[in-house]
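Here is a short tour for someone opening this structure for the first time. Keep the view open beside the text and follow the points in order.

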Amino acid sequence: MDGPVNKAFIEKWKNADALYATPTGSNDDWYWLYAAIKFKCLIVTNDEMRDHTFHLLGNDFFPRWKERHQVHFRFTDAGPDFDMPPPCSVVIQESEKGHWHIPIETEGEGEGEAEREWLCITRANSRTTRHSITTTPGVPLY
């Protein structure tokens, strides 16, 4: 952060009240987590937040929230590259009627995917019937 460009960014953020220094010894995660929830925004971090998942075992709210609000990033020669959250949940889901929807990894995933393939399993007269469907972002699964 000692470079002149970085110092200029930090000074700009301080002047805009966009930067908040947490007290020494305080867990800074709670501050950005509170801010992200309060302002209903995305968070840009590669932190997997395992400490918070551990505290919330038995509750699937936090993992679902994280899946929809966390933006991962990496730096490339062309600049920062961001992986935006998926437009709909990509975890295994069970419908109210007991049908299972399982996302299938396909080639090209993570490169601005337009569709996702799902394996759909239903129970019909004590037999298992398997269907495969493809979803479009923003369109509910069921």
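Where in the chain is the place of K40?

1. **A residue to start from.** K40 sits in the loop between helix 2 (28–38) and strand 1. Please keep in mind while looking at this residue, and at everything below, that the model is predicted. The phi angle of K40 is near 50 degrees, a positive value in a residue other than glycine. K40 counts as exposed because its relative accessibility is 74%, and the cut-off for that class is over 50%.

2. **The overall layout.** Stepping back from that loop, the chain has four helices and seven strands. Read from the N terminus, the elements follow the order α-α-β-α-α-β-β-β-β-β-β. There are 142 residues in the chain, and 19% of them are buried. The chain exposes about 11,000 Å², with carbon and sulfur atoms supplying 56% of that area. Of the contacts between residues at least 6 apart in sequence, 26% join residues at least 24 apart.

3. **The open sheet.** Now to a sheet worth tracing strand by strand. Three strands make up an open sheet in the order 1-2-3, and the pairing is mixed. Strand 1 (43–44) and strand 3 (79–83) stand at the edges with a single partner strand each, so one side of each has no neighbour in the sheet. As general background, strands of a sheet pair through backbone hydrogen bonds, either parallel or antiparallel.

4. **The parallel side.** How many bridges pair strand 1 with strand 2? Two bridges do so, and strand 1 and strand 2 (residues 70–76) run in the parallel sense. You can find them through their residues: I43 has Q70 in strand 2 as its bridge partner, while V44 has V71.

5. **The antiparallel side.** Strand 2 and strand 3 run antiparallel and are joined by five bridges. A hairpin of two residues connects strand 2 to strand 3. Two pairs to look for here are H72, opposite D83 in strand 3, and F73, opposite F82 in strand 3.

6. **A salt-bridge network on these two strands.** Which residues are linked with R74 in a network of salt bridges? They are D81 and D83. The side chains of R74 and D81 meet at 2.8 Å, N to O, and the closest N and O atoms of R74 and D83 are also 2.8 Å apart. R74 is partly exposed, at 37% relative accessibility. D81 falls in the partly exposed class at 30%, and D83 does so at 26%. D83 is thus a residue you meet twice, since it also stands opposite H72. In general, side chains of opposite charge can pair when their charged atoms come close.

7. **A helix across the sheet, and another salt bridge.** Helix 4 (residues 61–69) lies across strand 1 and strand 2, running at about 45 degrees to strand 2. K66 forms a salt bridge with E48, and their closest N and O atoms are 3.0 Å apart. This pair links distant parts of the chain, 18 residues apart: E48 is in the loop between strand 1 and helix 3 (50–55), and K66 is in helix 4. Is K66 buried or exposed? K66 is buried, because its relative accessible area is 15% and the class takes in values under 20%. E48, by contrast, is partly exposed at 26% relative accessibility. The count of salt bridges comes to three.

8. **A nonpolar patch on the surface.** Finally, please turn to the beginning of the chain. V5, F9, W13 and L19 form a nonpolar patch on the surface. Together these residues have about 390 Å² of accessible area. One of them, F9, lies in helix 1 (residues 4–15). F9 is partly exposed, because its relative accessible area is 43%, a value between the cut-offs of 20% and 50%.

Methods:
Residues numbered from 1 in each chain as written. Predicted model: local features only at pLDDT ≥ 70, side-chain atom pairs only at ≥ 80, totals over all residues. Heavy atoms only, no water. Patch = residues over 30% accessible without salt bridge, like charges linked within 9 Å, V, L, I, M, F, W, Y side chains within 5 Å. Areas by Shrake-Rupley, 256 points an atom, 1.4 Å probe, with all protein chains shown as cover. Salt bridge = Lys/Arg side-chain N within 4 Å of Asp/Glu carboxyl O. Buried < 20%, exposed > 50% of the residue type's maximum accessible area, 1.4 Å probe, protein only. Pairing = 2+ DSSP bridges. Contact = heavy atoms within 4.5 Å. Axes fitted to C-alpha atoms, helices over the stretch in contact; angles between N-to-C directions.
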